[in-house]
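Q: I am new to this structure and should be grateful for a close look at a single part of it. Please describe chain A, its helices and the way it meets its neighbours.

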Amino acid sequence: MRPAHLTVRRLALTCAVLLVLLAASVAAATLIGPVRASLVAALAPGGAATADHAILFRARLPRVLLGAVVGASLAGAGAALQALLGNALADPHLLGVSAGAAVAGVVVLVAGADPVSPLVPLAAFLGALGTVAVVFLAARAGGRTSPHAILLVGVVCNALAASAIMLVNAIASYTQAQGVLFWIMGSLSSQSYALVALVALYALAGAAWLSCHAHALNLLAAGEEGARTLGVDVERTRRAVFLGASLLVGAAVSVSGMINFVGLIVPHLLRLVLGPDLRLLLPASFLGGAVFLVWADTLARTVLGASELPVGVVTAFLGGPFFLWLLRRSLRRASGG
Amino acid sequence: MPLRPAAQAHDVPRAAARLTALVLLAAAACGGGPAEPPRAIAARAPARVVPLAPSVTEIVFALGEGARVVGVCGQCDWPEEATRLPRVGGYLAPSVEAVFAVAPDLVLAVPSPGNREAVRALERAGIRVVVVRDRTLDDLWAGMRTVAEALGVPARGEALVARVRAGLEAVRVRVAGRTRRRVLLLVGHRPLIVAGGGTLQGELLAIAGGDNVAADVAEAFPQLAIETVVDRAPEVIVDAAMGTEAGGRALFADLASVPAVASGRIVALSPDALFRAGPRVAEAAAALAHAIHPEAFDTAPAPG
Amino acid sequence: MTAPPAAGAGSSPAIEAADLAFAYGAREVLAGVGLAVAPGELVGVVGPNGSGKSTLVRLLAGLAVPRTGEVRLEGRPLAAWPRRERACRLALVPQDPRLDFAFTVLEVALMGRAPHLASLGFAGARDLAIAREALARLEVGHLEHRSVDALSGGERQRVFLARALAQEPAVLLLDEPTTHLDLRHQTGLHDLVRARCAERGLAVVSVLHDLNLAAAFCDRVLVLERGRAAAVGTPAEVFRPDLLARVFDAPVHVERHPLTGLPVVLPRGTPGPRVRGTPAPHTWR
C-alpha cells in the first residue's frame, strides 16, 4: 500500500533512485553491442584513436543518450497527456503532432534529402509545429480547449498523415521507400553529441514547463468544475499542458521517427506503483521513460547480431500485448467493479 | 459453310449467328492478332522489344538492336536514345496496360520485388517474356547470351560477352600485384546498407583489387550497425548510396579509427553503372579500381 | 423575490444573489431568484426535480454566468475575485463527485488546501492537520490510505465534504450532499456543518431532497418551483401543506414534531386497501 500522500522527501528519494538507475543503464548499454569493445583500451592514454574508443564513444554513447532523451520526452508527455485527458490509456501519438512531423520528414526524404542530413529532423520539427497550431486552433470552441476535441482532431490528423505517407511512398523510388520506412519505424541511430545536447536541453525545458502545472493537473482529476472551485485556471492549464506535451513529442519524433508505446506503457506502469500524483509521476515518467527506451534500443541493437532492428519494432512487440492486457484489465474493472 | 437447302426461313439467320459467335470466340482465343499459337518460338526475330529493366535495355542497345525497342521502363536512362522511347511503367511495377499499348512481341525482364504479377499477366496474354537473372557475373554472361539469342543475334551476344570480359580483365591486370585493400561498399546511408558477399558488386570489388569487409555476411545487402563498420576497419569506403556525398561523409565524420576516414578515402560513385548487371560493368569495375588503387591510375591511361 | 438576511443577523451577507436568471439555450431554468445568506446561517434549497436547484448552486459557485443578476461574495461580485482567493473563501461539494484517477483519501482532502498553497502545492504540517481533522470529523479518517475509487458512495461523499471543509471557506455550497448517506451520517453531516456555522460563522447553502432534513437543520429554506422562488423563510413559515402540495404536485400532511416543534412533512400517499390508522410503510424509509 503506497503512502497516503506525497512528501518532498519521497519525491526526492524516488527521483534519486531513478537517476541512479538511468546512469547505470546508460553505462551498461554503452558497453553492450554486437561488436566487442574494451572500455579499458578506449580510456588508456592514446586510446582516443582506437576502434574501441570510436565504437564506445562515437557509435554507441550518443545513440544511448539520444534514446534516453527521446524516451524521457515521450514518457513525460504521455503522463501529462493522460492527466489532461483524464484517461490512463492515452498515448502521446494521439495528439496528431507525430503525424505532422512524420509527413514533413517523409516529404523531405523523398524530395531527395539524404537520410543523414539535419534537414530531415528540422523539417519534421517544423511539421510538428504546424500541426500543433492546427490541432490547437481546431480544438478550440468558444475560447475553451476541449480534451474531447483535441482527441478527435488528433485522430483525424493521424489518418490524414497515414494516407499522405502512403501516397508519397507510392511515388518514391525503391531505395527511398526503404529509407522512409526505416525512419518512420523509429530509429535512434545518430552520432551527433550536438543533436543529443540540443534535444536534451529542449526536453529539460519541457519537463520544467510541465512540472509547473503538475499540481493543477492533479486537481483536474476531479473534473473541470471540481478544479475550478479549487481555484485552478482550467483553460490556461489545458492550453499549457497541451502545448508542452505536443512540443516534446514533436521534438522526439523529429529526431527519431515514430516510437510507439513508450508514452503509454511507462506512465501507466509507474502510476500503478507510485500513484497518480503528477508531482511525482511526471519526473518519474521522464526518468523511467529514459531507462525504458535505453534498454529497448539495446535489445534492438543486439537481437539480430550484426544487423539491427528499428527500435520502434521492439517497443511495438513489447507494447502491443501489454496494451491489450491493460485494456482487458480496465474493461474488467469497469464492468466488474 | 454450306447450308442445307430448303431450310425454313429463320434457319439462315440462326446459323449465321452461330457461325459469327464461333469465329469471334476463336478470334478471342487467339488474342486478337493473326492466328499464331502463343509461346511459339518465333521463326523470325522479334520486331518489337520491350525491356523492363535498365540493365536489359543497356544490353539490347549494346547488341546493336536498339532500333527494335518500342518501349522501356521508367528508370531506363542509358543510352540517350532510350530516354526518347515511350515509358511503360517502373522497374518495380511495370504497367501491363502500357506494355499492351506498344504491342510488343518480346518482353525482357529481370526478377524484381514488384514485377512478378505483371510478368505473369503478360505471359497469360500470350506475349513472350524472357527473364534473365542479374545476381552474379555468371548471370550476366548467361543473360547477355539469352537476350542475344532471343533477338536472333547470338554471334553479337558472344562478341559482347567477350568485350565486357576483356574490359574486366584489363582492370584486373591494372591492379595486379598490388596488396588488396579492405573496402566497404555503401549502398544506403540510413539504414546503413552495404554490399555483402555473393553479389555482383562484390565480384566487381574483387576484380578491382578490393577485399569486401562484408564478404562473410550471407545476405546480399545486409544492414550493418555503424560499430560493425568501425570494427571491420575498411581502408576505402565506396559510397554508392542514393543520398548526397555530404551525407556519406557526415556518417563517418567522427570515426577517426577507421583507416578510410583517417586517410580521407571515402569515394562517391554513381550507383547507375555499379548496380546494373549490364554492359557497363567493366566501367564500373574501373571506377572501383580507381577508387581503391588510385596510384595505379596516376600515369596516363594506355591509348585504346 | 429576494430574501433579506434573517432579522437580527447584524452582519452583511456572506453570499448574496439578486434576480438571477439562467437558461440552457432557449430553455429557461432560473428566473428572478435571489438569496442572501448571513455568516453562520444554514439555508436549504428544496424543490422538485428540474426546478433549478443545481443550477442555482452552480451560479453561486461561479461555475456559470447568469444571464441577469449578480452573485456577490462578501460584498464583492464573484467576477471581481481572483481565482485562488475566491477558492479560499468559497467551497462546493458537487452532487456526485468522481475522480479520474485513484488518489488516496488523504490526497483528496489535501486537494482542499490547494488554494492556500504555493504552486507545487506541497502540504505543510498545518495543512495535514487541517485535512486530517476534517476527515476525522466525517468519520473517514481511518480510510486515509485507501484509494478513493475503492470506497462506497457514502464514504466518497464524506471524503469530498472533508475536502471542502479543508478549504476552510467562509461559504460552503452543498449539492445534495446526503444522497448516498445512511441516516446516521445524514444527521451527522448536518450536525458537523451546523457546528462549523456556529464555531466559525460558516455560511452554508445546501440543496436537499429530504424536506424533513431541511426542516430539522436549516435556519431558512428557499423553495424553488420551475425556476422561480416559490417561498423563502423559516421551515415553519415555508412548509405549509398547500404550498408544498402545489410545488411538489403531491399531497402532503405537515405535522409538528413532538420533541423539536419543527414541521414534519408526510406524503399522503395514494388511497388504497390499507388498514386504517396504520401509517404507509414507505414513509419510514
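A: The following account takes up the helices of chain A, then the core, and then the contacts with the other chains. The model is a predicted one.

Within chain A, one pairing to examine is that of helix 4, residues 97-110, with helix 7. Their axes lie 10 Å apart and the packing angle is about 155 degrees. Angles over 145 degrees count as roughly antiparallel, and helix 4 of chain A and helix 7 of chain A are therefore roughly antiparallel to each other. Helix 4 of chain A passes helix 7 of chain A in a right-handed crossing. From helix 4 of chain A, the contact draws on A:Ala102, A:Gly105, A:Val106, A:Leu109 and A:Val110; from helix 7 of chain A, it draws on A:Gln176, A:Gly179, A:Val180, A:Trp183 and A:Ile184. By class, this contact of helix 4 of chain A with helix 7 of chain A consists of seven nonpolar and three polar residues, with no charged residue.

A further pairing in chain A joins helix 5, residues 119-138, and helix 6, residues 147-171. Here the axes come within 9 Å and cross at roughly 135 degrees. Helix 5 of chain A and helix 6 of chain A are therefore oblique to each other, and their crossing is right-handed. A:Thr131, A:Val135 and A:Ala138 make the contact on the side of helix 5 of chain A, while A:Ile150, A:Val153, A:Gly154 and A:Cys157 do so on the side of helix 6 of chain A. The residues of this contact of helix 5 of chain A with helix 6 of chain A are five nonpolar and two polar, and none is charged.

The core comes next. The largest nonpolar core has 185 residues. Among the members that touch the most others are A:Ala80, A:Leu219 and A:Ala245 of chain A, as well as C:Leu60 and C:Ala109 of chain C. Helix 3 of chain A provides the largest share of this core, 16 residues. Apart from its neighbours within four places in sequence, A:Ala245 is in contact with A:Ala77, A:Ala80, A:Leu81, A:Pro92, A:Leu95 and A:Leu210. There is also a second, separate core of 95 residues, which includes B:Cys73, B:Val183, B:Leu184 and B:Leu192.

The contacts between chains remain. Two pairs of chains touch, and the pair with the most contacts is that of chains A and B. The contact between them involves 28 residues of chain A and 27 residues of chain B. On the side of chain A that touches chain B, helix 3 (51-85) and helix 7 (174-184) of chain A each supply at least two residues. Helix 3 of chain A gives the most, with seven residues. The side of chain A that touches chain B is made up of 12 nonpolar, 11 polar and five charged residues.

Chain A also meets chain C, where 21 residues of chain A are in contact with 29 residues of chain C. Helix 2 (83-89), strand 6 (90-93) and helix 3 (105-111) of chain C are the elements giving two or more residues to the side of chain C that touches chain A. That side of chain C has 19 nonpolar, four polar and six charged residues. Chains B and C, by contrast, are joined by no contact, and their closest C-alpha atoms lie 42 Å apart.

How values were computed. Residues are numbered from 1 along each chain as its sequence is written. Chains are lettered from A and ligands numbered from 1 in the order in which they are written. This is a predicted model: local features need pLDDT of at least 70, side-chain atom pairs count only at pLDDT 80 or more; totals for chains, interfaces and linings use all residues. Two residues are in contact if their C-beta atoms, placed from the backbone, lie within 7 Å. Helices (H or I, at least four residues) and strands (E, at least two) are DSSP runs, numbered from the N terminus. Ala, Val, Leu, Ile, Met, Phe, Trp, Tyr, Cys and Pro count as nonpolar, Asp, Glu, Lys and Arg as charged, and the others, Gly among them, as polar. Axes are lines fitted to C-alpha atoms, for helices over the stretch in contact, and angles run from 0 to 180 degrees between N-to-C directions. Angles under 35 degrees count as roughly parallel, over 145 as roughly antiparallel, 65 to 115 as roughly perpendicular and the rest as oblique. A crossing is left-handed if the near helix is turned anticlockwise from the far one by less than a right angle, and right-handed if clockwise. A nonpolar core is a set of buried Ala, Val, Leu, Ile, Met, Phe, Trp, Tyr and Cys residues joined through C-beta atoms within 7 Å. A residue is buried if 20 or more other C-beta atoms lie within 10 Å of its own, exposed if 12 or fewer, and partly exposed in between; C-beta atoms are placed from the backbone.
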